[in-house]
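Grab a pencil and work through these exercises with the structure open beside you. Try each one before you read its solution.

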Amino acid sequence: MLNPQRSLSELPKMSAASQVERAVLEEEFNWLLKEEVHAVLKQLQDILKEASRRFSMPTPGMESQLKQENFILGSSTMDQVKGVLTLQGEALTQADINLKVAKSSQVLHFQFRDDKQWKLQQIQDARNHVNQALQLLSSRDESYHFKTGAEVNKLMDAVMLQLTRARNRLTTPATMTLSELATSGLMKMFTPPMPGDVMVNFYINLSKLCLTVYQLHVLQPNTTKNFKPAGSSVLHNPGAMFELNNNRFEVSHVHKVECVVPWLNDTLVFFTISLQLCQQLKDKISVFSSFWNYRPF
């Protein structure tokens, strides 16, 4: 059993020790708000500027500054589709595609018209989110004094939201129905014009630039097959059906080829490092917050 006299006599000592501890922690916390937060913000800005530079858009009249990169599409397991894509920032400036038609030896050749470019919305959106994150960070320069941990957390949450959205745009391609794909502007990009039984789609998945080619056949009006139109998907499988202009189609063959875009891989690494830095700063803030919330004296 505790000695009540002893525990009472020790109270002043415990209180004094706690006050010293609190003073030390307050000093450390003030240093964190004044020095370390700004060091982390500077580090984040440097990393995200590198990410933004990967996405960089050319200034008018200086298009040549943004280099064109050629990527060879192909697969070691099949040779039905081969091609070369030319990427300049967020724009596919040229696509040269050879398609070996199933059940025949015929090879179809398509390429972008000279007056056409295809903007990859995923890259455009990711770049915009990175730039919004940079704007948030630059709104708190070194002369700005953070007064509370909550204020730092609010900024980190806002930056993390933009970075998560940027990463998600690259890791999660948009879903489309087959009829949406058939009527998209992409089908009007090619010369010679794409035949009615072939459709293509380009998208980004992580650090890969992907091309999917669909071969179709028309379902006869008297077909006994149950017609069920396919919903939205990134990749449709053979057997998927859709209706367009009173005609019903079924996907007979699907060919997917891809290539790695190194600078997209870089940006995903930058996003991961930046999100970790934001979380580490929030964790440090929470250590102090938990102390303020727990006061045994």
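**Exercise 1.** Which residues does phenylalanine 271 touch, not counting residues up to four places away in sequence?

*Solution.* Keep in mind that you're looking at a predicted model. Start at phenylalanine 271 and skip its sequence neighbours up to four places away; what's left is Ala51, Phe55, Val130, Leu163, Ala166, Arg167 and Leu170. Next, look at the largest nonpolar core, which has 76 residues. Phe271 is listed among those with the most contacts inside that core, and so are Phe55, Phe190, Phe202 and Leu211.

**Exercise 2.** Find out how many disulfides the structure holds, then check cysteine 210.

*Solution.* First, the count: there are zero disulfides. Now take cysteine 210: the nearest cysteine sulfur belongs to cysteine 259 and sits 7.9 Å away. A disulfide needs the two sulfur atoms within 2.5 Å, so a pair at that distance doesn't count. Last, is cysteine 210 buried or exposed? Cysteine 210 is buried, because its relative accessible area is 0% and the cut-off for buried is under 20%. Cysteine 278 is buried too, again with 0%.

**Exercise 3.** Decide where pLDDT stays under 50.

*Solution.* Begin with the whole protein chain: its mean pLDDT is 83, and 84% of its residues reach 70 or more. Then go to residues 1–14, where pLDDT stays under 50. For this stretch, the model has zero contacts beyond four places in sequence.

**Exercise 4.** Describe the protein chain overall: how many helices and strands are there?

*Solution.* Count five helices and 10 strands. Then add burial: buried residues make up 39% of the 297 residues.

Conventions
Residues numbered from 1 in each chain as written. Predicted model: local features only at pLDDT ≥ 70, side-chain atom pairs only at ≥ 80, totals over all residues. Heavy atoms only, no water. Core = buried A, V, L, I, M, F, W, Y, C linked by side-chain atoms within 4.5 Å. Buried < 20%, exposed > 50% of the residue type's maximum accessible area, 1.4 Å probe, protein only. Contact = heavy atoms within 4.5 Å. pLDDT = per-residue confidence, 0-100. Helix = DSSP H or I, 4+ residues; strand = E, 2+ residues; numbered from the N terminus.
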